[in-house]
Amino acid sequence: MVRLAAGTAAAFLLLLVTLIAAVTSTVAALTASGGNGSAPSQAALADIPADYLTLYQRAAPLCPGLDWAVLAAIGKVETDHGRLDAPGVRDGENFAGAGGPMQFLAPTFDSVVTEHPLPPGGATPPSRYHPHDAIHAAAFYLCDSGARHGDFRSAIFAYNHADWYVSKVLAQAEDYRATASTPATSPNGWVVPVQGRCTSGFGPREGDIHRGQDLAAPIGTPILAAHDGTIINAGPASGYGLWVRIEHADGTITTYGHNHRNHVTAGQVVRAGQPIAEVGNRGESTGAHLHFQIEEGGHPVDPIGFYNEHGVRLCP
Ligand SMILES: [Zn+2]
């Protein structure tokens with residue numbers, strides 16, 4: 001739900017400060033990654049009512065950085081796309097004063113639609129209970145809260161101030177996005193760490209050597225362990241911002257850099273596919289992405305070639 005009016009004035013000020021800081025630190029993030037154009041997955045097509053899917057896909061492009069799947073994921077988590085049989089979904093309000101499919105508080109909805117006139121197709125005057133109006137207003141609200149700059153984590157946190165909520169929405173969005181039809185896991189246990197767009201590749205770059213492959217994805221996207229192994233480093237690292245390094249049984253080391261946050265500590269044993277961190281924009285980074293590096297015998301190798309040899313495509 002949108003809890004803007006539910007907190008105290010102090011909490012609101014803190015939120016503003018947080019948003020300003022988040023926006024400042026991520027101005028360059030995700031200008032081209034993520035996007036609004038990802039196709040719906042089979043799961044999305046099966047779960048989202050067609051009229052709602054159309055609304056999410058039409059409303060998201062109003063915000064240059066917003067992915068329709070994030071908008072749809074909020075609609076899912078809030079009210080199951082308006083299907084939830086509970087007070088405050090079709091009419092009235094829930095205990096916190098939220099109403100409509102996107103669970104807006106009345107003052108928040110009013111301020112959003114005052115600032116951003118909604119496109120035609122909804123109620124007159126706009127209503128938070130009308131799916132068209134609620135979904136478009138949610139897109140504008142997320143945009144103002146950080147999504148414009150690709151900072152989905154701050155935007156979703158503004159929607160409902162809870163880390164579990166942010167994680168739930170991001171996981172749902174991931175489920176709604178179609179991924180490459182090629183397998184993301186190889187028969188010998190190598191997993192694609194992030195379903196993202198391959199940007200800067202391995203090799204010479206600006207008079208230096210780029211030691212890994214960059215995978216652009218929104219801040220907060222789960223980073224998965226590429227293979228079974230043991231965490232040998234997890235924490236701040238020069239240039240990498242925040243990193244995780246995993247040593248695998250054959251001595252291969254995988255490195256995950258620019259992380260927004262880590263979920264593991266050194267010494268921990270992890271399994272292939274286990275979430276170990278979240279995509280971020282820390283360190284020497286000019287946009288939200290994972291820097292993914294593989295070392296064999298102490299020497300970095302091209303991750304795309306390495307994955308090809310292991311029967312799995314790193315890049316969609
Ligand atoms: Zn890189």
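This report walks through a zinc site and a small set of paired strands in a predicted model.

## The zinc site

Let's start with the metal. Three residues hold the zinc ion: His210 through NE2, Asp214 through OD and His291 through ND1, at 2.0 to 2.1 Å. Read along the chain, the donors follow the spacing H-x3-D-x76-H. The two histidines bring together distant parts of the chain, 81 residues apart. His210 belongs to strand S5 (residues 208–210), while His291 sits in strand S14 (residues 289–296).

How accessible are these two histidines? His210 has a relative accessible area of 4%, and His291 comes in at 6%. Both values are under the 20% cut-off, so His210 and His291 count as buried.

## The three-stranded sheet

Now for the strands. S7, S13 and S11 line up in that order as an open sheet, and the pairing is antiparallel. The edges are taken by S7 (222–224) and S11 (261–262), each of which pairs on one side only.

## Who faces whom

Strand S13 (residues 275–278) pairs with S11 in the antiparallel sense, over two bridges. In this pairing, Arg261 has Glu278 of S13 as its bridge partner, and Asn262 stands opposite Ala277, also in S13.

What about the other edge? S7 and S13 are antiparallel too, and they pair over three bridges. Here Leu224 stands opposite Pro275 in S13.

Technical notes. Residues numbered from 1 in each chain as written. Predicted model: local features only at pLDDT ≥ 70, side-chain atom pairs only at ≥ 80, totals over all residues. Heavy atoms only, no water. Pairing = 2+ DSSP bridges. Helix = DSSP H or I, 4+ residues; strand = E, 2+ residues; numbered from the N terminus. Donors = N, O, S within 2.8 Å, 3.2 Å for Na, K, Ca; no water. Buried < 20%, exposed > 50% of the residue type's maximum accessible area, 1.4 Å probe, protein only.
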